[in-house]
Amino acid sequence: MAFIDYYKILEVDKNATDVDIKKAYRKLARKYHPDLNPNDKEAERKFKEINEANEVLSNAENRKKYDQYGENWAHADEYEKAKQQQQYHRGGQQDGFQGFQGFSGGGDYSDFFESMFGGRSAGGGRGRSAVYKGQDLNAELHLDLKEVYTTHKRTVTINGKNIRLTIPAGVENGQVIKISGLGGEGANGGPKGDLYITFAIENHTNFKLDHHNLYSTVDLDLYKAILGGEITVDTFDGKVKLNVKPGTQNGTKVKLKGKGFPIYKKEGHFGDLYITYQILIPTQLTEREKELFTELHKLRAS
Amino acid sequence: MNTENLIPLNKLCIYYKVELSFFSNLSDIGLIEIKTIEDSPYVHQDKIDVIEKMIRMHHELDVNVEGIDIVLNLLSKIDDLQNELTLTKNRLRLYEK
């Protein structure tokens, strides 16, 4: 458990007056307030930190205790042991799903604060306004590109509650979907909060994705490029046969209409697949091959 | 008229400890829409998110109604820019190994 320098957090010195502290807190709150820094975990962390510092330093009793014992707070060892045991029993992440709660005021104090003041202190700063609507929840869902090629259902656990989600095909990396009413309970008959899910999609395939078009590079042997012929290429969900025209140049692009990625919320509609041919030049030629290439070269030169 | 999905402003005033005038000021500069039904003012339930945000800015940060308008405009601009950044980053993946 680390000591926290609340004076440093509020950027005031140890002799700061109540007015100085209040002023410093307000200034930092205006900078890090979660409403002004949406989806910014670092700002949220800072805001919690300055609120905690304010709870300690703006309350005469708390400040006195902190000034007296702060750095030499005695419960460190036993506290640390108990904490480690707790962490050991905690399970790991499932399903690539990482949930985190939205900011709710209260709670979330540092170990140092809880050990010294035992949870939320009485009095202190002005705290957060009452909320009528339930708390919004934010979560990040990590998926593989292959998983979002088709619409599928998935059960995820958020705050101990199992939620069955339909993940529409073609959902994009960074896209946020809102599920109304799946957040916290409202207060005094207020509406429930909402659940916001941000999709983080990783691509481990040989295809590159731009919006709903796919791109891939296909090796083409020199002879087929010159003479033409048939090749089989991979699409995202299968294979197709393509006719290669005689005299195909390196870098030639072929568009396969409708073989791209599904378009979000447009069932049955797909982007296109663009294939770029990369012609393979034979190496380590045999003597006979060299002879023949030389002959071809001469034919061209004459 | 049906008041389903509408929240009476009086209820919000008590709950958040704000004056009714705060809501009328927000309405005057077009930040919220107040519906009057049988002489009672209401707001739509869907707007509660942004209303709570405005109350927090007012209470916790001492921002006045004009300031709230500016902050919301800037936040919406940030949101647009963030969406654009996500799209650009996704496109950039095309050129990365």
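Biologist: Why does A:His211 count as partly exposed?

Modeller: Its relative accessibility is 44%, and partly exposed covers the range between under 20% for buried and over 50% for exposed. So A:His211 falls in the middle class. Bear in mind that this is a predicted model.

Biologist: Thanks! Where is A:His211, and what is its phi?

Modeller: A:His211 sits in the loop between β7 and β8 of chain A. Its phi is positive, about 60°, although the residue is not a glycine. A:Glu11 also has a positive phi without being glycine, near 55°, and A:Glu11 is in the loop between α1 (6-9) and α2 of chain A.

Biologist: What makes A:Glu11 exposed?

Modeller: The cut-off for exposed is over 50%. A:Glu11 has a relative accessible area of 61%, so it is called exposed.

Biologist: Let's move on to strand β8. How do you know that A:Ser216 is buried?

Modeller: Buried means under 20%, and A:Ser216 has 9%, so the label fits. A:Ser216 lies in strand β8, residues 213-221 of chain A. Leaving aside neighbours within four places in sequence, its contacts include A:Phe207, A:Leu273 and A:Ile275.

Biologist: And in helix α3, why is the pair A:Glu44 and A:Lys48 called a salt bridge?

Modeller: The N to O distance between their side chains is 3.4 Å. The definition asks for a Lys or Arg side-chain nitrogen within 4 Å of an Asp or Glu carboxyl oxygen, so the pair qualifies. Both residues lie in helix α3 (residues 41-57), four residues apart, about one turn of the helix.

Biologist: Which of A:Glu44 and A:Lys48 is buried, and which is partly exposed?

Modeller: A:Glu44 is buried, with a relative accessible area of 18%. A:Lys48, with 24%, is partly exposed. The cut-off for buried is under 20%, so the two values fall on opposite sides of it.

Biologist: What makes A:Glu49 and A:Arg45 a salt bridge?

Modeller: Their closest N and O atoms are 2.8 Å apart, and the limit is 4 Å, so this pair passes too. A:Glu49 and A:Arg45 are four residues apart in helix α3, so about one helical turn separates them. A:Glu49 is partly exposed at 25%, and A:Arg45 is partly exposed at 40%.

Biologist: Now for A:Lys133. How do you know that A:Lys133 is buried?

Modeller: Its relative accessible area is 5%, and buried means under 20%, so A:Lys133 is buried. A:Lys133 forms a salt bridge with A:Asp136, the closest N and O atoms being 3.2 Å apart. A:Asp136 itself is partly exposed, at 21%.

Biologist: Which residue of chain B forms a salt bridge with A:Lys133?

Modeller: B:Asp49, with the closest N and O atoms 2.6 Å apart. The limit is 4 Å, so the name applies here as well. A:Lys133, A:Asp136, A:Lys178, A:Asp194 and B:Asp49 are linked in a network of salt bridges.

Biologist: How many salt bridges are there between chain A and chain B?

Modeller: Four. The elements giving two or more residues to the side of chain A that touches chain B are α2 (18-32), β6 (195-202) and β7 (208-210). By class, that side has 12 nonpolar, seven polar and 12 charged residues.

Biologist: What area do chain A and chain B bury between them?

Modeller: About 2600 Å², with 49% of it on carbon and sulfur atoms. The contact takes 31 residues from chain A and 28 residues from chain B.

Conventions. Residues are numbered from 1 along each chain as its sequence is written. Chains are lettered from A and ligands numbered from 1 in the order in which they are written. This is a predicted model: local features need pLDDT of at least 70, side-chain atom pairs count only at pLDDT 80 or more; totals for chains, interfaces and linings use all residues. Side-chain values use heavy atoms; hydrogens and water are left out. Contact means heavy atoms within 4.5 Å. Buried area is the accessible area (1.4 Å probe) that two parts lose on being put together, summed over both. Ala, Val, Leu, Ile, Met, Phe, Trp, Tyr, Cys and Pro count as nonpolar, Asp, Glu, Lys and Arg as charged, and the others, Gly among them, as polar. Buried means under 20% relative accessible area, exposed over 50%, partly exposed in between (1.4 Å probe, protein chains only).
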